[in-house]
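Hi everyone, and thanks for coming. Please have a look at the sequence and the structure on the screen, and then we can walk through them together.

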Amino acid sequence: MSGVLYSLVALGFVLIFKASGVFNFAQGAMVLLAGLALVRSLDLLVSKGFPFWAAVILGLVFAALIMALTAWLVERFVLGPLVNQDGLTLFMATIGATFVMEGVSQWVFGSDVYPLRLFPTDAWFLFEGSFPGGILVNKLDVWGGLIAGILVAGLAVFFQRTKTGRALRAVADDHAAAQSVGIPISWIWFVVWLVAGLVALVAATVWGTKLGVQFSITFLALKALPVLIIGGFTSIPGAIVGGLIVGAGEKIAEGFLGPHIGGGIEYWFAYVLALAVLLVRPQGLFGERIIERI
Amino acid sequence: MLYRETGQYKTDYAADMAIFPIRQDRLTLVLLLAVAFVGVPLLSYFHIWPFGQDYLLRAILLPFLILSLAAIGVNILVGYCGQLSLGSGAFMAIGAYSAYKLGTGVHIPLGLFNISIPALPVLLSILLGGFMSAIVGILFGIPSLRIKGLYLAVATLAAQFFFDWVFLRVPWFTNYAPSGSVNAPRLDFFGWLVATPIDRYLLCLMFVTVFALLAKNLVRGNIGRQWMAIRDMDIAAELMGIRPLYAKLTAFAVSSYIVGVAGALWAFIYLGSWEPQAFDINRSLQLLFIVIIGGLGSILGCFLGAGFILMLPIFLNQVPAAIGLPLHTDTITHLEFIIFGSLICYLLIKEPHGFARLISLAKEKLRLWPYPY
């Protein structure tokens with residue numbers, strides 16, 4: 001189910017938005033970068049004669065290092081100098097960063113479609129005894145769901161229980177106030193982008209197994225925006241639930257409505273659903289209430 | 001020395017409130033318009049380099065003018081009224097396709113009776129195309145009364161993807177063209193057949209001049225001040241007696257109208273024949289870039305931003321060839337991405353208020369030059 005995949009990308013968005021108030025357009029490009037780094041290093045190591053498990057571990061470490069480097073560069077050269085600018089400027093800056101990441105990742109790692117084989121992609125048949133045919137469950141989806149669950153649990157603990165997590169929440173509330181009580185804002189932003197990068201890496205492993213690592217990943221990542229709207233910009237569980245709603249909803253809509261109005265409605269269904277949610281509940285299903293002051 | 005308003009006395013309120021209160025500004029504008037309206041066509045007519053080739057007119061000046069016009073529309077919404085929109089491409093598409101339908105005749109079969117409109121003149125269909133775009137703009141502007149900022153951006157993204165799909169999948173809009181691409185009707189403006197690059201350029205220039213003047217006056221007047229009040233703090237504006245419903249929806253209407261007209265021009269005059277891909281999400285992002293790089297809340301900035309965004313890729317394309325670097329085309333594309341992205345970041349860091357701010361800084365400096373006291 002593609003819902004889990006949307007959730008994974010949306011998670012990265014939520015993390016950065018929660019911790020820095022930046023609407024990170026570059027999340028899709030980060031998934032691409034992480035995926036390319038992983039799959040290319042994996043291919044290289046396997047061709048050099050490493051056993052598969054060692055290649056996987058080394059590839060993951062390499063991709064994680066790349067994401068750390070990206071986080072550092074973004075913080076140092078893009079967001080650092082833009083502290084205290086308004087959200088729109090920061091948003092545009094992340095679009096600029098997106099272009100750079102897309103360019104660099106394809107330049108360095110190549111721009112073809114690279115298949116990634118980390119998880120099994122065959123299917124189980126459940127309840128075959130109960131009714132004929134049973135239910136087809138893709139193993140990859142189970143893996144994706146499992147990973148998403150672990151990620152959410154881990155992130156929840158990280159945000160609620162650790163010192164850094166608490167500092168992150170303080171920064172999200174107010175940059176200047178957080179700085180004035182002695183929270184090193186540049187370090188915090190680095191951590192956030194690093195975590196978002198690692199989430200991107202996880203998303204890339206699942207997406208890459210399903211679709212192959214390719215440029216179109218960045219477009220699919222745009223689907224994470226309506227997911228965020230539905231789930232709420234600031235809620236991690238919201239990202240997961242929103243992703244599942246969008247993923248299931250667009251398939252159902254395609255199946256039931258598609259034949260009547262020409263097909264291909266998967267393309268916009270998520271956005272229109274988000275629009276409807278916005279009209280009824282602007283903060284999303286799980287978002288914090290938006291309070292306005294003068 | 002040159003740029004100083006000393007001695008230019010204003011004796012009435014109207015003179016004080018003029019668009020360009022300083023004489024030097026007026027002179028510059030008149031000169032620019034003279035060059036644009038008379039100079040460029042003349043140079044081009046007599047084939048004087050670099051105006052001799054069609055390339056400059058067709059591939060640079062024409063898109064520059066139309067994108068500037070679209071950027072003015074986007075700037076009214078984003079820069080003046082503060083409503084972030086990622087759906088400008090869709091509104092361009094609506095303008096283009098409505099103008100196309102109106103220009104080739106509309107026929108809506110409704111079972112018992114049919115609605116038929118004969119093919120309208122091109123000018124009228126372009127202007128009415130903008131009108132259709134304004135109506136849709138108002139519809140998609142309604143959520144802006146409840147939501148703002150990035151939430152609104154996603155709502156406009158819905159417009160973008162929805163209309164991409166509509167123009168791709170509903171064959172009625174393309175007059176059942178099998179390939180999905182449509183051709184502009186004959187560009188006959190009351191007997192003036194617009195065909196050569198010079199004609200096309202002049203036509204766009206006229207549109208841009210009229211709309212730029214209109215927009216400039218709108219944003220200086222009552223309604224423009226309402227927009228800016230909403231942008232700066234909507235709750236405070238509401239308390240002061242500005243109706244957010246009226247202010248926001250007029251901003252959406254005016255903005256989508258101008259963007260729609262620009263879309264119709266882009267399709268009819270620049271492209272000639274087009275597909276929905278001409279107005280996809282990248283177009284919206286490009287317009288947003290133009291506005292932000294040029295300067296939010298500045299009409300002049302739209303032109304500067306459009307020029308920059310348009311020239312940069314051309315420049316990047318030419319440079320490696322010019323200095324003799326044998327680069328693979330793939331590499332050039334990727335390098336273009338990288339340089340473009342880094343330049344955007346750099347500009348945002350150095351001057352978050354865009355080129356328009358640089359110009360006004362330069363003016364301040366010039367006023368004191370060469371004696372800084």
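I'll talk about chain A, then the place where the chains touch, and then chain B. Please keep in mind that this is a predicted model.

Let's begin with chain A. Its secondary structure comes to 13 helices and two strands. Of the 294 residues in this chain, 47% are buried. Now think about which parts of the sequence meet in space: among contacts in chain A with a separation of 6 or more, 72% are between residues 24 or more positions apart.

Next, the place where the chains touch. How many residues of chain A are in contact with chain B? There are 38 of them, and they meet 35 residues of chain B. On the chain A side, the elements giving two or more residues are α4 (87-109), α10 (224-231) and α13 (266-280) of chain A. Which one gives the most? That is α4(A), with 16 residues. By class, this side of chain A has 26 nonpolar, 10 polar and two charged residues.

Let's zoom in on one helix pair between the chains. Here α13(A) meets helix α6 (residues 150-169) of chain B; their axes come within 8 Å and cross at roughly 145 degrees. The crossing is left-handed. If you want to find the pair on your screen, look for residues including A:Trp268, A:Tyr271 and A:Leu275 on α13(A), and B:Ala158, B:Phe161 and B:Trp165 among those on α6(B). What classes of residue make up this contact? The contact of α13(A) with α6(B) has 15 nonpolar residues, no polar ones and no charged ones.

Now over to chain B, which is divided into domain 1 (1-6 + 19-52) and domain 2 (53-368). Notice that domain 1 is written as two stretches of sequence. Taken over C-alpha atoms, the centres of domain 1 and domain 2 of chain B are separated by 25 Å. The contact between them takes 11 residues from domain 1 and 10 residues from domain 2. On the domain 1 side, those residues divide into eight nonpolar, two polar and one charged.

Staying in chain B, let's look at another helix pair: helix α3 (residues 54-80) and helix α7 (residues 197-220). Their axes come within 10 Å and cross at roughly 20 degrees. The two helices are therefore roughly parallel to each other. This crossing is left-handed. Among the residues making the contact are B:Leu61, B:Leu65 and B:Ile72 of α3(B), together with B:Tyr201, B:Val208 and B:Phe211 of α7(B). By class, the contact of α3(B) with α7(B) has 20 nonpolar, one polar and three charged residues.

Let's finish with a single residue, B:Met92, which is found in helix α4 (residues 88-104) of chain B. Is B:Met92 buried or exposed? With 32 C-beta neighbours inside 10 Å, B:Met92 counts as buried. Which residues is it in contact with, leaving aside its neighbours within four places in sequence? They are B:Ala70, B:Val259, B:Gly260, B:Ala262, B:Gly263, B:Trp266, B:Phe279 and B:Arg283. And here is a distance you can try to find on screen: the C-alpha atoms of B:Met92 and B:Leu312, 220 residues apart along the chain, are separated by 23 Å.

That's my tour, and thanks for listening!

Note on methods. Residues are numbered from 1 along each chain as its sequence is written. Chains are lettered from A and ligands numbered from 1 in the order in which they are written. This is a predicted model: local features need pLDDT of at least 70, side-chain atom pairs count only at pLDDT 80 or more; totals for chains, interfaces and linings use all residues. Helices (H or I, at least four residues) and strands (E, at least two) are DSSP runs, numbered from the N terminus. A residue is buried if 20 or more other C-beta atoms lie within 10 Å of its own, exposed if 12 or fewer, and partly exposed in between; C-beta atoms are placed from the backbone. Two residues are in contact if their C-beta atoms, placed from the backbone, lie within 7 Å. Ala, Val, Leu, Ile, Met, Phe, Trp, Tyr, Cys and Pro count as nonpolar, Asp, Glu, Lys and Arg as charged, and the others, Gly among them, as polar. Axes are lines fitted to C-alpha atoms, for helices over the stretch in contact, and angles run from 0 to 180 degrees between N-to-C directions. Angles under 35 degrees count as roughly parallel, over 145 as roughly antiparallel, 65 to 115 as roughly perpendicular and the rest as oblique. A crossing is left-handed if the near helix is turned anticlockwise from the far one by less than a right angle, and right-handed if clockwise. Domain bounds come from an automatic or database domain assignment.
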